[in-house]
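Reader: Hey, could you walk me through this one? I'm new to reading structures.
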Amino acid sequence: TNGLTWHADYVLAIPKDESAMKINGWVTMDNQSGATYSNAKLKLIAGEVNVTRPEPRMMAKRAMAMDAMDAQAAGMPQQEAIGEYHLYTIPRRTTIKQNQSKQVALMDASGVKFTRKLSIDGRFNWFIAQMGEERDTHPDVVIQIENKEANALGLPLPAGTMRMYQEDSEGALQFLGEDNIKHTPKDETIRLTAGKAFDVVSDRKQTDFKTISERQHEAEMEIVVRNHKDKAARVELVEPVGGDWEMLKNSQDYEKRSSNVIAFVVDVPANGESKVTYRVRTRY
């Protein structure tokens, strides 16, 4: 039927010591079909299902009631593969009224390990034109979670929004940020961008630029990362270098992550700074 939709929402709760996190998942159903479904058996299919006929409709804005079902009373959905999709069967019947949104529990996991890293992305045009200087760039805060059984997960996770919270000194959960995930099979890695780091900043300077020919250039870069925290920070500098490129000199080792991406991993001392310099020749 048209007008019945659902999506997944996840809450990630990180304790103050950051030892592991707890993840609760919910399915939110939205009924705009024009009918009420009473005592219905509900099955949800997760995946990219192709629909060839468009479903246009014009509807006035309206208020929707939110009915959150208790996770313990409802139990968790049973999951199974069906074709190239995943089917979630809600364990008890439910009623969803017209113009209503309703939530049911999807999953509950505790003791989930994660990693947090700081990452600064460059831009390829710094290597093909005179760019000068860019100041006060804050790195992205990236959370990575292995969706594996050994990490208290190992579940096919429907696409949805993951909201991250962390305990403060009084034990209250504070919002850290949110990000969307695609349909994620088991044994894959979940990567979330929570926001920008407050106490870590960087300056990027193109200290030299040379045009060798119409399609060949050399650019020398200086990146300074400052850490205003009372503990050391590790920051990834991810540099997209297009075309055929050659590293001419570099102040520290780098990793070639793909044909056009290099990365420096920089350890920045507490209340200190670190500097990376390198020179690249590119040809297009």
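Reader: So what do S6 and S7 form, and how many residues are between them?
Author: S6 and S7 make a hairpin with two residues between them, and Gly83 in the turn has a positive phi of about 60 degrees. Strands here are DSSP runs of E, at least two residues, numbered from the N terminus. This is a predicted model: local features need pLDDT of at least 70, side-chain atom pairs count only at pLDDT 80 or more, and totals for chains, interfaces and linings use all residues. Residues are numbered from 1 along each chain as its sequence is written, and side-chain values use heavy atoms, leaving out hydrogens and water.
Reader: Cool. How many bridges pair S6 with S7?
Author: Five, in the antiparallel sense, between residues 78-82 and residues 85-89; pairing takes at least two DSSP bridges. Ala81 has His86 in S7 as its bridge partner.
Reader: And which strand does S7 join through four bridges?
Author: That's S4, running antiparallel to S7. There, Ala46 has His86 as its bridge partner.
Reader: Which S4 side chains are buried?
Author: Leu44 and Ala46, which point to one face; Lys43 and Ile45 point to the other and are not buried. Buried means under 20% relative accessible area, with a 1.4 Å probe and protein chains only.
Reader: New topic: which residues lie nearest the centre of the second largest pocket?
Author: Glu18, Arg116, Leu118, Val141 and Lys229, out of 19 lining residues. A pocket is an open set of points on a 1 Å grid over the protein atoms alone, where a 1.4 Å probe fits, with protein on both sides within 12 Å along at least five of seven lines; lining residues have an atom within 4 Å of a point.
Reader: Which strands help line it?
Author: S10, S15 and S18 each supply at least two residues of that lining.

How values were computed:
Buried < 20%, exposed > 50% of the residue type's maximum accessible area, 1.4 Å probe, protein only.
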